[in-house]
Amino acid sequence: MARRRLEAAIHAGKDIEEGKDWPSHFDKVDLFKELPFEKVRDGVYSLQFSFDSKVLAVGYGNGGVEFLDSTTYETIHECKASRYGGLAITSMKFNPKQQDVMFAGSSDGAVYACYLDKGTYSEIIKERGNEINCLDFSALGLTFATAGKDLDIRIYDTKTLKVVKTYKGYHYDTPPDQQDRCHAARIFALKYHPDNDDIFVTAGWDNHLKIWDARSSDGVKRTIAGPHVCGDSLDIDGYKILTGSWCAKRSLQIYDYSEGKLEQNITFPDTGQGEFLYCAQFCDNDVVLAGGSGTNSVQAINTKTQKCLGAIKMEKPVQAMDSTLGGRLFAVGGADNCLRIGKLAC
């Protein structure tokens, strides 16, 4: 959500210059484009639009990273080549301080800097013994954080790439009075608050949301029981936290950030196979996007009316999604050998 705050500011300036007025409601989902790719890429594990919405980054299951033009969907660069036996690119974020540089986290424990202008990459961090499932930049981009298999949360200085703080995960020797201050199972989602450079939220397999303040030594300021998160299915908008859980029912929920309580269950239509979400995001006009393996689709749902506005359907589970322009353009990928582009429209 911090990324979309900067994105919105960029587009707001352009719209004022061009005299554009965005619609105040959505009532349908349009499938805009289908982009098949080779089976050897092992599916899509992460997606990310650039701040100006002109570029879509695609992270593949075999370690490849590709930049696509979001107008033509032609390849700009394959900056990190796919390779047989490569491990998945699980999380990608553009750097707010250098918007032509994107950081990509991998299941091999590495963070790669991918350079949009040159079409090259370099390994900048190696977390040995870890599998990085998620990373995010703070709102101002001065720091970024990673989390994953080893349960530790590491905060890095963006400029020096040095660890400035580590919050340790649960281990067998963790004192009982500190066990609620750490994650006890794999972490799959991490999001900085869009309005505070020190606050971020994490979630994973241990069925808890944790709200952190990087200014404190212990980190955790609130723990909220509930969500079983297995992918990039965590988003923040003001005092609302959106979660998508990998469970059969009541998978899509909004929690109150300040009260630490469940605020709303959002109806996610399924076909009798359960919901089982891997991704979820806030969009404009009271709409959220969410998808996973229960329905093999991404669905757009109005949180006020609980009405499903439409869906982008896949043959296999949805593993990755990202939206831009408040949801007016979004990308969906997963175990299919096809990337699909959708639009929220009125």
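Me: In this predicted model, is Asn-285 buried, partly exposed or exposed?
Reply: Asn-285 lies in the loop between strand 22 (277-282) and strand 23. Its relative accessible area is 23%. Buried means under 20% and exposed means over 50%, so with 23% Asn-285 is partly exposed.

Me: What is phi of Asn-285 near?
Reply: Most residues other than glycine have a negative phi. Asn-285 is not glycine, yet its phi is positive. The value is near 60°.

Me: Is Asn-296 buried or exposed?
Reply: Asn-296 lies in the loop between strand 23 and strand 24. Its phi is also positive, near 50°. The relative accessible area is 18%, and the limit for buried is under 20%, so Asn-296 is buried.

Me: Which residues touch the most other members of the largest nonpolar core?
Reply: This core has 16 residues. Strand 23 (287-292), strand 24 (297-302), strand 25 (308-313), strand 26 (318-324) and strand 27 (329-334) each supply at least two of them. The residues that touch the most other members are Val-287, Leu-289, Val-298, Ala-300, Phe-330, Val-332 and Leu-344.

Me: Which residues does Leu-344 touch, not counting those up to four places away in sequence?
Reply: Leu-344 is one of the core residues that touch the most other members. Some of its contacts are named in that same group, including Val-287, Leu-289, Ala-300 and Phe-330. The full list is Phe-26, Lys-28, Val-29, Cys-283, Val-287, Leu-289, Ala-300, Gly-326, Gly-327, Arg-328 and Phe-330.

Me: Why is one side of strand 6 and of strand 9 left without a neighbour in the sheet?
Reply: Four strands form an open sheet in the order 6-7-8-9, with antiparallel pairing. Strand 6 and strand 9 (120-126) stand at the edges, so each has a single partner strand. On average, neighbouring strands of this sheet are turned against each other, direction ignored, by 25°.

Me: What is the bridge partner of Val-111 in strand 9?
Reply: Strand 8 (residues 110-115) and strand 9 run antiparallel. They are joined by six bridges. In strand 9, the partner of Val-111 is Ile-125.

Me: Is Phe-94 buried or exposed?
Reply: Phe-94 is in strand 6 (residues 89-94). Leaving aside neighbours within four places in sequence, its contacts include Phe-49, Phe-51, Phe-67 and Phe-137. The relative accessibility of Phe-94 is 1%, so it counts as buried.

Me: How many Å apart in space are Phe-94 and Ser-50, C-alpha to C-alpha?
Reply: In sequence, Phe-94 and Ser-50 are 44 residues apart. Ser-50 is among the residues in contact with Phe-94. From C-alpha to C-alpha, the distance is 6.4 Å.

Me: Which residue in strand 5 stands opposite Phe-67?
Reply: Strand 4 (residues 65-69) and strand 5 (residues 75-80) run antiparallel and are joined by three bridges. They form a hairpin with five residues between them, and Tyr-73 in the turn has a positive phi of about 60°. Opposite Phe-67 stands His-77.

Me: How many of the five residues of strand 12 are buried?
Reply: Strand 12 (residues 153-157) is joined to strand 11 (residues 143-148) by four bridges. Strand 12 also pairs with strand 13 (residues 163-167) over four bridges, in the antiparallel sense. Strand 12 is mostly covered, and its number of buried residues is four.

Me: Which residue takes a positive phi in the hairpin of strand 12 and strand 13?
Reply: In this pair, Ile-153 stands opposite Tyr-167. The hairpin has five residues between the strands. The phi in question is near 65°, and the residue is Leu-161.

Me: What radius of gyration does the protein have?
Reply: The secondary structure comes to one helix and 28 strands. Its C-alpha atoms fill a box of roughly 55 × 45 × 40 Å along the principal axes. With 346 residues, a compact globule would have a radius of gyration near 20 Å, which agrees with the value for the protein, 19 Å.

Me: What percentage of the residues of the protein count as buried?
Reply: The protein exposes about 14,500 Å², and carbon and sulfur atoms supply 48% of this area. A residue is buried when its relative accessible area is under 20%. Of the 346 residues, the share that counts as buried is 56%.

Definitions and conventions:
Residues numbered from 1 in each chain as written. Predicted model: local features only at pLDDT ≥ 70, side-chain atom pairs only at ≥ 80, totals over all residues. Heavy atoms only, no water. Helix = DSSP H or I, 4+ residues; strand = E, 2+ residues; numbered from the N terminus. Buried < 20%, exposed > 50% of the residue type's maximum accessible area, 1.4 Å probe, protein only. Contact = heavy atoms within 4.5 Å. Pairing = 2+ DSSP bridges. Axes fitted to C-alpha atoms, helices over the stretch in contact; angles between N-to-C directions. Core = buried A, V, L, I, M, F, W, Y, C linked by side-chain atoms within 4.5 Å. Rg over C-alpha atoms; globule rule 2.2 N^0.38 Å. Areas by Shrake-Rupley, 256 points an atom, 1.4 Å probe, with all protein chains shown as cover.
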